[in-house]
Amino acid sequence: MNNHDESKYLLPQNPQYQAAVSSLIVSAVFWAVTALLLVIQFYHLKVTDERRSRKLEALRHVYQAGGADESLAEEIRQLDVRYRRDHLARLQFLYRGSGLFVLFGAVFVGTVLWVRSFHQKPPHPEPLEDRTAAQIQAARRARWAVSAGTAVLASAALFWSFQGSQTPQESAGAEESSESRPAFASWEQMNQNWPVFRGPQGAGICRFDNIPTEWDGASGKNIRWKVPVELPGHNSPVVWENRIFLTGADAKRQEVYCFNAEDGTLLWTGQVPLAPADQREEMTIMEDTGYAASTAAVNGVFVAAIFADGQVACFDLNGRRQWVRSLGVPASAYGYASSLTVFENRLIIQLDQDYEPGRSKLIALDITTGQTLWERERPVPNSWTSPTVVDWNGQMQILTSGSPWLIAYDAADGRELWRLDCLGGDVAPTQIAAAGRIFAVYPYTYLAAVRPPQAASEQAQAELLWKAEGSIPDICSPVSDGRLVWTVDSEGVLECFDVQDGSRLYSQDLQAMFQASPVLVGDTLYLLSTKGRMILVRAARTFEQIGQNELPESFTASPAFAPGRIYLRGSRHLYCIENRQ
Amino acid sequence: MSRLGRAGVWMGLILSAAAVQAAERFPPPQFETDYQMPTLTTPLPRAAVWELADVAVLAAALGLASWLTLRKRSRRGIAVLSVFSLLYFGFWRKGCICSVGSLGNVVLSLFDSSYVLPLTVAAFFLLPILFTLFFGRVFCGSVCPLGAIQDWVVFRPLAVPAWLETTLRLGAWLYLAAAVLFAAVGAGLLICRYDPFIAFFRLGFNTPLWLLGLLFLAVGVFIARPYCRFVCPYGLLLRQAGRLAFWQVRITPDECIQCRLCEDACPFGAIQPPTAPWPESMRPVERRRLVFLFGLLFVLMGLGGWLGYRVHTGLAAGHPTVELARQVRLRQAGLMTEPTDTVRAFEVSGRTLRSLWAQEADVFQRFAWGGLWAGAFVGFVAGIKLIQISIHFKRTDYEADRAGCLACGRCFAFCPRHRIWETGKPTDSGETS
């Protein structure tokens, strides 16, 4: 037995040691009691005072409901003063108590060190190991550990970047959103943005001022910013205030992107899960259509997107995913391409599919939950047009095109309002409403002008006013200013018709290919060719080209607009064009 | 009581103490009573003379710490000085301004021309670095109140393997990058906001900070000074300054006799043993590895920059302007029935939405660039660490790690040569006084 062991056995008799242990116990008790008292006071602060506050509130209601009862008022006054005094006393106790807690904690630490000083052991080195081997092993371990640590950090950052929506701040926003619904912007606000394919009501009309007429991709003139878009897609941008939304997809990923309109910063990326592999195997996707041809829709609170595999997802504007629905892979000859539209809290999906009528549907989902609000069967095969919501004499109608029917539904409940047999073939151009008429396209065949029934009754019939033949488009949708209507086909032939009788006023070969639909800005038509040439044509009865601007990549998506700005989605980049000084 | 049992007792105490909660707001009376509402006043700024006194105390404490550590070699003196620092800089001065937090102010002053760095803050930032360049990390050992409060709970220190220590320190570098980024873009002073011991120093009722502080102290019982070693961003600067120190804490006052008694003396794992010769046969492999790691350094920087850019939107959510824009957006969409104070202030300010969006965009852009640089920096650090691990330095004696030594003086008493130097005669054991 060495000296140290001896001293260990003698410790209990050592008066200093006894004093140290006693001090330790006393300080620990004091510390624990302080902590306990703090907990009790904290409980009263949170529970008792809260209960008293509710009691006071109830008495106040009684007082207000029962007239000016002076005795009750006096009682409330007395209680109020008493409760307040107690509350402040508790706060004071907590303040002083925490000071005591720290003080007793320090004393406790001191006594622990004092007791420890009696138990200290002398250093006792272990037998010397093979230092060379230990060094090599230590270096190897450290390299692996640092590599693993770096990988963990990188993975966490990568995960976080894909969960842009998952920041605490945004979660808080989602909590707020779940508390107070309905969640949609007004019709007026919708019309002040570019919320769906081809803008408000899908008309392809821009009512914003100061839209640029000149820019140049090579020199950067009037290009405010240009940012890459990670995954491809033919869908168009939609815009809500200072946020731009796009989708992109390939065989392995489907994503929704939100860009900051001011500088093109990618604010968030929303992931949309793929449909089950066995379903995707049956998909028919043409390269010209791709996996993300459908344009997203935003209602001021949520943005929703659909992909070629029938997966629909909804995000709030901060990127927090709200829900995902699988509608099943649509059977579509060239791949699904209908864009979404939105009316208040209803997300409208035109799910035209199969080669014979029977399986097509128009579906309205609650955009806040993804639940089906209503569903209507459609007697059409697959089509590539998009539904549009229009205000028709105060009634909100959903217009749809398919072969052979042009059908209108009540936007509120999905009730069919009228239909007209006037279309055929593989319908892709989307109908527009102008001058009290609907203009719909029978690809390669004719442009039809339809007058909807004036009254929404079962007997009401739509009327085919005229059919105009010519170089009728197969992809691009028409546009009208209420006096004239224009079409442009894929080969670049621009045609102008009179809305009254369908007479063709001119036909002009623009010497370019087109897939993007034209947009009317004031009295100027904006026509974006597949090679990035934006041709500006006077919106008049005679053809007059007033300008053209070039961008160095291919374009298939229709342009989107905001006050003073144009947003163009190219094959690789998203552009913002703005008049700059 | 077993170690597990003791840990349980500690945690119980911590959780019970966590109940000390933030002060509740109590609404003013709705009925007229004798109660007098106190007049709201703004506390007067601290007198300039006291600020100068603080700087003088800091300088004196650093000077004394250097003398105690390098000349006097007194662990007892260092311990007493650390108690004084804890009381003065911690409890008396409420932990502000402290050198650790001053890093954020310095960065802010570099990036925001409208912010003028107070001389006191500059002094608190520079003096410890200056002293470290000359005398090693004497600030950490004796003067830093955050270090001192942890130093007193090192009861059962466990040895942290070097590989784990190095890896965990990556977190501190990440924190440093985030703190600099946030300060540079004006998003706030992270180091001050999350100072784990400020709730103790101010006796406030901030529950999360109380919990955080207690957690660090509880961990500190077994892992000595966890905040200093694995979190403190200012400590990282001092680490680098310590590598360049003119004079450095030495375990032995004169020569190392290789007795190995000090091997386990340091609870911070900052004592480095002599190295063995590196096998010649491994040198070609080592050279190839170094070349690879130099290449990897640039890959890691690129990867870090890319990731930093990708997470910048999430980081920007912490900026008050982005938060305001979010709330305004919720308000506009009818999702915020009761506006917050900031939204209300915005609404009556007359500022346009467009200006708010532009400001928000500006913040995002700054975070994008800042995230890129911060990410590249963290990648650089990881790459350098890998290189550093793969370079072998020669040591013939037991030495205090120039970067990692916190100058606490615990190792002195373990060295028999110190005993001879101190008393003039050797002792029969290396036991501490």
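## A sheet in chain A

Which residue in strand 27 of chain A does A:C206 stand opposite? The partner is A:V521. Keep in mind that this is a predicted model.

That pairing belongs to strand 1 and strand 27 (residues 519-521) of chain A, which run in the parallel sense and are joined over two bridges. Both strands are part of an open sheet of five strands in chain A, with the order 1-27-28-29-30 and mixed pairing. At the edges you'll find strand 1 (205-206) and strand 30 (545-550), each with a single partner strand, so one side of each has no neighbour in the sheet.

## Just past the sheet edge

Follow chain A on from strand 30 and you get to A:P552, in the loop between strand 30 and strand 31 (560-562). Setting aside neighbours within four places in sequence, A:P552 is in contact with A:G217, A:R572 and A:Y575. A:P552 also sits 6.3 Å from A:G532, C-alpha to C-alpha, with their positions 20 residues apart in sequence.

## Aromatic pairs

Searching the whole structure turns up 36 aromatic pairs over all chains. Take A:W187 and A:F343: their ring centres are 6.4 Å apart and their planes are at 70°, so this pair counts as edge-to-face. A:W187 is in helix 6 (residues 187-191) and A:F343 is in strand 11 (residues 341-343), both of chain A, so the pair ties together parts that are 156 residues apart in sequence. A:W187 is partly exposed at 22% relative accessibility, whereas A:F343 is buried at 9%.

A:Y526 and A:F561 also make an edge-to-face pair, at 5.9 Å centre to centre and 90° between the planes. Here strand 28 (residues 524-528) of chain A supplies A:Y526 and strand 31 of chain A supplies A:F561, so parts 35 residues apart in sequence are tied together. A:Y526 is buried, with a relative accessible area of 1%, and A:F561 is buried with a value of 1%. There's also a cluster linked by ring pairs that takes in residues of chains A and B: A:W31, A:F101, A:F108, B:F197, B:F200, B:W210, B:F216 and B:Y227.

## Charges over rings

In chain A, the charged end of A:R419 sits over the ring of A:W405, 4.8 Å from its centre. Over in chain B, B:R73 lies over the face of B:F412, at 4.3 Å from the ring centre.

## Chain B overall

Chain B has 19 helices and two strands. Of its 433 residues, 52% are buried. Look at the chain B contacts with a separation of 6 or more, and 79% of them come from residues 24 or more positions apart. The chain exposes about 20600 Å², with carbon and sulfur atoms supplying 67% of that.

For a closer look at one of the helices, try B:L64 in helix 2 (residues 48-72). B:L64 counts as partly exposed, at 39% relative accessibility. B:L64 and B:G77 are 13 residues apart in sequence and 9.2 Å apart in space, C-alpha to C-alpha.

## Cysteines

How many disulfides does the structure hold over all chains? The count is zero. For B:C144, the nearest cysteine sulfur belongs to B:C228 and is 5.9 Å away, while a disulfide calls for sulfur atoms within 2.5 Å. B:C259 is in no disulfide either, with the sulfur of B:C415 the nearest at 6.0 Å. As for surroundings, B:C144 is buried at 6% relative accessibility, and B:C259 is partly exposed at 30%.

Technical notes. Residues are numbered from 1 along each chain as its sequence is written. Chains are lettered from A and ligands numbered from 1 in the order in which they are written. This is a predicted model: local features need pLDDT of at least 70, side-chain atom pairs count only at pLDDT 80 or more; totals for chains, interfaces and linings use all residues. Side-chain values use heavy atoms; hydrogens and water are left out. Helices (H or I, at least four residues) and strands (E, at least two) are DSSP runs, numbered from the N terminus. Buried means under 20% relative accessible area, exposed over 50%, partly exposed in between (1.4 Å probe, protein chains only). Contact means heavy atoms within 4.5 Å. Accessible areas come from the Shrake-Rupley method with a 1.4 Å probe; for residues, only the protein chains shown count as cover. Two strands pair if DSSP finds at least two bridges between them. Rings of Phe, Tyr and Trp (its six-membered ring) pair if their centres lie within 6.5 Å; planes under 30 degrees apart count as stacked, over 60 as edge-to-face and the rest as tilted. A charge sits over a ring if NZ of Lys or CZ of Arg is within 6 Å of the ring centre and within 35 degrees of the ring normal.
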